[in-house]
Amino acid sequence: MKRVLFMMAMFILAVAAPAFGAANTIVLDGSTTVGPLAKSFAAYFTKKYGVKVMVSESGSGNGAKGLINGSCDIATLSRAMKPRELSAAKAKGISPVQHIVALDGIAMVVHPGNPVKNLTKAQIAAIYTGRFTNWKEVGGPNAKIVVIQRESNSGTQEAFKELVMGKTAQISKDAETQASNGAIKNRVASTRSAIGFLGLGFVDRSVKPVAVNGVLPSVATVKSGSYPVSRPLYFYTAGQPTGTLKKFVDLPKTVDGKRIVSELGFVVK
Amino acid sequence: MNEEVRKESGRSGAFIISARKRKFQKIAKTAGESMLLLIASFVAIVVLFIFYFVAVDAIPYFQLRGFSEFFTSSNWYPAGEPGEFGALAIIYGSGMVTLGSTLLSVPMGIAAAICLSDILPFSVRQYAKPIIEMLAAIPSVAFGFFALVIFAPLLQTHGGPILMWVWWVLAAPFLLLAAIVIADLITAKIQDQNSRERMSKVLLAVFSVGALGFLYWVGSVLQGIEILTGTNALNVSIILSFMSLPTIVSVSEDALQAVGRDLREGSYALGATRAETIVKTILPAASSGIIAAVILGVMRALGETMVVWMASGNSSHIPDPWFNYLEAVRTLTATIAGDMGEADQVTGSARYHVLFAMGLLLLVISFFSNLVSERIVVRQRKILSGQ
């Protein structure tokens, strides 16, 4: 569905872009995790400066691709650009500049009825590699674990792999795959023995976050750095931004920007 | 008279045509015809172009990685460094889901088509058929949403009882029919009519009790099953069978209607009952159309993307045991949809081309099944016309 929306957005863009003129429009594309943040920034920015801002969410990988191909002005990424993407950008004569928007924790979530309260990083890694397949191996009830991950174009997925499992470990083939934060939340909320991971901003009462290495994910623990599974979220621009683009990229540093960041459950840098 | 002719020619210009006008007409005719030909061949050209462009992007994959990994390994780690592209489990998942939906939709679809064409009165059929066809108008994303948000949790909480009820509803009529037929067959040799009827009744009672016991036993086993994850092959098979039903019902009903009154009336005139007419006359006569309907339905299930992407769970493994429909699977279409975003030429070539290899595989499969169905239809037509 996201892809269909993306296509539609691209179509509308193709139709609408000449009408607005390039200077008057800012186009953002990328991570579904950064999506809500980008949209709120966009609404605020349009209201304040009268500049049209369009936000698509097609995954961090697509965002980077868009920046390299010139189809968006700002790529929103929930991971740093990979060396391969940087070299691809360089080959096209673009030098991507990184701007940190906010910090985000990746919360490990389970069904609210699951008694497990705490997992260590090693236990989570063992669950995702398929070494642990039953909840009783981590102190829970006797039930098979339903492991849920994201698609390979997800920045959250890559950040999770890097932060929890290490670069070389591979997620078990038995793991189910869902296309978005929302889909994972939905599956975990409705499946008793499921485990999944979400951006901190997506956690609500329908799922239960578990503590990692004894630390519960929250704004405070992410900010202090004590929550082990956290990462920065990025805007990438092609070269140093100027004019309205610079104003937009600097939004997170303003008072209103900081308020938007914390209202959405992310953490101000 | 003369005046009449003049009038006629004045109206249509058919009688007196100058050489110039004729030439112009000829050119216009050629232009119009070639225009129509161009439009008609455009469809064929589009198909050829799709084949060409998919193949052009698929072949580099096989040049890079060879054939054996794609078809024999089930390690699907396209994002790994280096990536692994074993598609066996994904091909298996596609096959599993397609087979499951076919097993459900074909009996239901053909039964519904027979009911519509030969059993229901015309006034009911007028309303029933459009309603069934309306299923085809529901967007697949709506089916997917239903499968993910409503059906999957339902399977998890009430999976056992649902399976039991489905088993009862589907199996009970068949077993009852089987009991009647077997009892009739066994007693057919008894000469004396009275004792034959008595014997038949006794046997029928015995078989019915046996069938009921079997139904109950399997039902209670099914009721005990706990479904761990609702996004699994069964969920998708059921939803896909609903999606291919309108195609199967509509096309086979047309085929059954095409059989015509004369064959039906001929059969009745020979003393056949309605059941005999349907089974022995109408179904064989319409079989080519029904097979075409089935293949169209299968193609619909194989090519469907949105529902399987949302609700099949997308784990690229072969279920354990291999026929376990209660585990998540991943299909070719869902993989193409899910991995396309990341897999750009810019970031990784094998990873990009492997998706086209999958697309080519799907194209080839559907091409061959269309070919096969075409052959069957032609052969059937020949047999029926007595050549």
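In the predicted model, helix H8(B) crosses helix H10(B) in a right-handed sense. The axes of H8(B) and H10 (residues 274-303) of chain B approach within 8 Å, at a crossing angle of roughly 155 degrees. Angles over 145 degrees count as roughly antiparallel, and H8(B) and H10(B) are therefore roughly antiparallel to each other. On the H8(B) side, the contact includes Leu240(B), Met243(B), Thr247(B), Ile248(B) and Val251(B), and further along Asp254(B), Ala255(B) and Leu256(B). The residues of H10(B) that they meet include Ile282(B), Ala286(B), Gly289(B), Ile290(B), Val294(B), Leu296(B) and Arg300(B). By class, the contact of H8(B) with H10(B) comprises 15 nonpolar, five polar and two charged residues.

A second helix pair in chain B is formed by H6(B) and H7(B). The axes of H6(B) and H7 (residues 193-223) of chain B come within 8 Å and cross at roughly 160 degrees, which makes H6(B) roughly antiparallel to H7(B). The crossing of H6(B) and H7(B) is right-handed. In their contact, 22 residues are nonpolar, six are polar and two are charged.

The largest nonpolar core contains 123 residues, and Ala147(B), Ile239(B) and Val307(B) have the most contacts inside it. The greatest contribution to this core, 13 residues, is made by helix H8 (residues 233-258) of chain B. Another core, of 18 residues, lies apart from it and has Ile91(B), Tyr352(B), Val354(B) and Leu362(B) among its members. With residues up to four places away in sequence left out, Val307(B) touches Ser140(B), Phe143(B), Gly144(B) and Ala147(B), together with Val236(B), Ile239(B), Leu240(B) and Met243(B). Two of these contact partners, Ala147(B) and Ile239(B), are thus named with Val307(B) as having the most contacts inside the largest core. Leu240(B) and Met243(B), also touched by Val307(B), take part in the contact of H8(B) with H10(B).

Between the chains, 27 residues of chain B are in contact with 28 residues of chain A. Helix H6 (140-187) and helix H12 (332-339) of chain B each provide at least two residues of the side of chain B that touches chain A. H6(B) accounts for the largest share of that side, five residues. The side of chain B that touches chain A is made up of twelve nonpolar, twelve polar and three charged residues. H6(B) therefore both pairs with H7(B) in a roughly antiparallel arrangement and supplies residues to the side of chain B that touches chain A.

Notes: Residues numbered from 1 in each chain as written. Chains lettered and ligands numbered in written order. Predicted model: local features only at pLDDT ≥ 70, side-chain atom pairs only at ≥ 80, totals over all residues. Core = buried A, V, L, I, M, F, W, Y, C linked by C-beta atoms within 7 Å. Buried ≥ 20, exposed ≤ 12 C-beta atoms within 10 Å, placed from the backbone. Helix = DSSP H or I, 4+ residues; strand = E, 2+ residues; numbered from the N terminus. Contact = placed C-beta atoms within 7 Å. Nonpolar A, V, L, I, M, F, W, Y, C, P; charged D, E, K, R; others polar. Axes fitted to C-alpha atoms, helices over the stretch in contact; angles between N-to-C directions. Parallel < 35°, antiparallel > 145°, perpendicular 65-115°, else oblique. Left-handed = near helix turned anticlockwise from the far one by under 90°.
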